[in-house]
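Biologist: Hi, can you walk me through this one? I'm new to this, so plain words please.
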Amino acid sequence: MTREATLRRRLALGLPDLTAEVYLYPTGAGGRKSPVGLGWGCPCSSTNKAPVDGWDGYLLLKSEMMPGERRTLGFVFLSGAEATSALTANDKFYLWEAGVIGEANIIR
């Protein structure tokens, strides 16, 4: 099974690599101008500075999420356990899209 097929299957089943309290920054604070929807993903990094590491993460959304909103969500990572291990070294990681657009506090 290809990596893409594995990711699609895990997204469809809703099996998270980790769960976090996600906060999408409001538009006025550097966040997106539009909501994120089903199937949306972005680079995730342990730093809010120019990322040295980045992991492709996909939020397990059931409905659109608006800038400024907070939710507890599961994440599925393209790199699976490797990404989870790197990101859980800290309590928080950052969501990137042409800059930091949000943060995720890991639920242990």
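Modeller: Sure, one term before we start: a residue is buried under 20% relative accessible area, exposed over 50%, and partly exposed in between, using a 1.4 Å probe and protein chains only. Also, this is a predicted model, so local features need pLDDT of at least 70 and side-chain atom pairs count only at pLDDT 80 or more, while totals for chains, interfaces and linings use all residues. Residues are numbered from 1 along each chain as its sequence is written, and side-chain values use heavy atoms, with hydrogens and water left out.

Biologist: OK, let's try it out. Is Arg8 buried or exposed?
Modeller: Arg8 counts as exposed, because its relative accessibility is 56%.

Biologist: And where does Arg8 lie?
Modeller: In helix 1, which covers residues 3-13. Helices (H or I, at least four residues) and strands (E, at least two) are DSSP runs, numbered from the N terminus.

Biologist: How far apart are Arg8 and Leu78 in space?
Modeller: They are 9.7 Å apart, C-alpha to C-alpha, with 70 residues of separation in sequence.

Biologist: Switching to strands. How does strand 5 pair with strand 6?
Modeller: In the antiparallel sense, over five bridges. For two strands to pair, DSSP has to find at least two bridges between them. One spot to look at is Tyr94, which stands opposite Glu103 in strand 6.

Biologist: What about strand 1 and strand 6, which sense is that?
Modeller: Antiparallel too, with five bridges; strand 1 is residues 18-24. There, Ala20 has Ile106 of strand 6 as its bridge partner.

Biologist: How many residues of strand 6 are buried?
Modeller: Six of its seven, so strand 6 is mostly covered.

Biologist: What sits between strand 5 and strand 6?
Modeller: Three residues, and the two strands form a hairpin. Ala98 lies in that loop, between strand 5 (92-96) and strand 6 (100-106).

Biologist: What's the phi of Ala98?
Modeller: About 60°, which is positive, although Ala98 is not a glycine. For background, most residues other than glycine have a negative phi. Ala98 also counts as exposed, because its relative accessibility is 94%.

Biologist: New topic: how many disulfides are there?
Modeller: Zero, counting a disulfide as a pair of cysteine sulfur atoms within 2.5 Å. Cys42 is in no disulfide, and the nearest cysteine sulfur, in Cys44, is 4.4 Å away.

Biologist: Why is there no bond for Cys44?
Modeller: Because 4.4 Å, the distance from its sulfur to the closest cysteine sulfur, in Cys42, is too far. Cys42 counts as buried at 4% relative accessibility, and Cys44 counts as buried at 0%.

Biologist: How many aromatic pairs does a search of the whole structure find?
Modeller: Four. Rings of Phe, Tyr and Trp (its six-membered ring) pair if their centres lie within 6.5 Å; planes under 30 degrees apart are stacked, over 60 edge-to-face, and the rest tilted. One of the pairs is Tyr23 with Tyr25, edge-to-face at 5.5 Å centre to centre and 70° between the planes. Another is Phe75 with Phe77, stacked at 5.8 Å with 5° between the planes.

Biologist: Are Phe75 and Phe77 buried or exposed?
Modeller: Both are buried, and ring pairs link Phe75, Phe77 and Phe93 into a cluster. Tyr23 and Tyr25 are buried as well.

Biologist: Last one: what lies over the face of Tyr23?
Modeller: Arg70, at 3.9 Å from the ring centre. A charge sits over a ring if NZ of Lys or CZ of Arg is within 6 Å of the ring centre and within 35 degrees of the ring normal.
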